[in-house]
Amino acid sequence: IFILPDQVNHKVSTKKEIGSTPGWRITSDVPFKSGLLYNAYFESELKEINDPQSYKDYNRTIDGCSQVNSQFLVCNVIQSHTVKFGVLALVNPRNYFMETQDRLLLHLFCTALAGQLHTTSVLAELQVKDADLQVNRIQLLKSRNIIRSVFDNLPESHFEVDSEYIIRAIN
């Protein structure tokens, strides 16, 4: 299970899950207000939960997997520095209680995933900024050409002098 809260409205998320059948099952606009994964997201720590359905905080919409009856749940926040991107949960992992190596591997995977998500968001922002710069560049070229046309079409010579009597422009 992979929960991605909306970056603007943290009360809504996208839930991605993969079960026994191939391919991701994606659900958008899932309420993200409670649940074991909700708690893990805000507490920012790896959690191992035996029989998650017995917990009072269990929220089937967020914590449950549609194709699997969850007997054990391991979840970790996906975070790069101070930016949280979501939470990843493993339902019924092979050994149930994880060893130190498994915890380290899950933590490293979540860190790498957070780095990738951060890079993707930075690239998206960069593309938007680049598009803005292209528009500004075109506008600047147009305004420069307009000014050049005005000066070139003056019938008499024209000099621009600044306050220090230095010639700044001649047509």
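**Close-up 1. C110, a buried cysteine in this predicted model.** With a relative accessibility of 1%, C110 falls in the buried class. Its closest cysteine sulfur belongs to C75, 9.7 Å away, and C110 takes part in no disulfide.

**Close-up 2. C65 and its cysteine neighbour C75.** Here we look at another buried cysteine: C65 has a relative accessible area of 4%. The closest cysteine sulfur to that of C65 sits in C75, but at 14 Å it is too far for a bond. Because a disulfide needs two cysteine sulfur atoms within 2.5 Å, the count for the model comes to 0.

**Close-up 3. The open, six-stranded sheet.** Follow the strands across in the order β3-β2-β1-β6-β5-β4, and you will find antiparallel pairing. At the edges lie β3 (25-31) and β4 (47-50), each with a pairing partner on one side only. From one strand to the next, the twist averages 20 degrees.

**Close-up 4. Strands β1 and β2, with helix α1 on the sheet.** Residues 2-5 (β1) and residues 12-17 (β2) run antiparallel and are joined by 4 bridges. Look for F2, which stands opposite K16 in β2. Helix α1 (residues 36-43) packs on the sheet, where it touches β1, β4, β5 (72-80) and β6 (83-91). The direction of α1 makes about 140 degrees with that of β6.

**Close-up 5. The hairpin of β7 and β8.** Strand β7 (residues 159-161) pairs with strand β8 (residues 167-170) in the antiparallel sense, over 3 bridges. Within this pairing, E160 stands opposite A169 in β8. Between the two strands lie 5 residues, and Y165 in the turn has a positive phi of about 60 degrees.

Methods:
Residues are numbered from 1 along each chain as its sequence is written. This is a predicted model: local features need pLDDT of at least 70, side-chain atom pairs count only at pLDDT 80 or more; totals for chains, interfaces and linings use all residues. Side-chain values use heavy atoms; hydrogens and water are left out. Two strands pair if DSSP finds at least two bridges between them. Axes are lines fitted to C-alpha atoms, for helices over the stretch in contact, and angles run from 0 to 180 degrees between N-to-C directions. Contact means heavy atoms within 4.5 Å. Buried means under 20% relative accessible area, exposed over 50%, partly exposed in between (1.4 Å probe, protein chains only).
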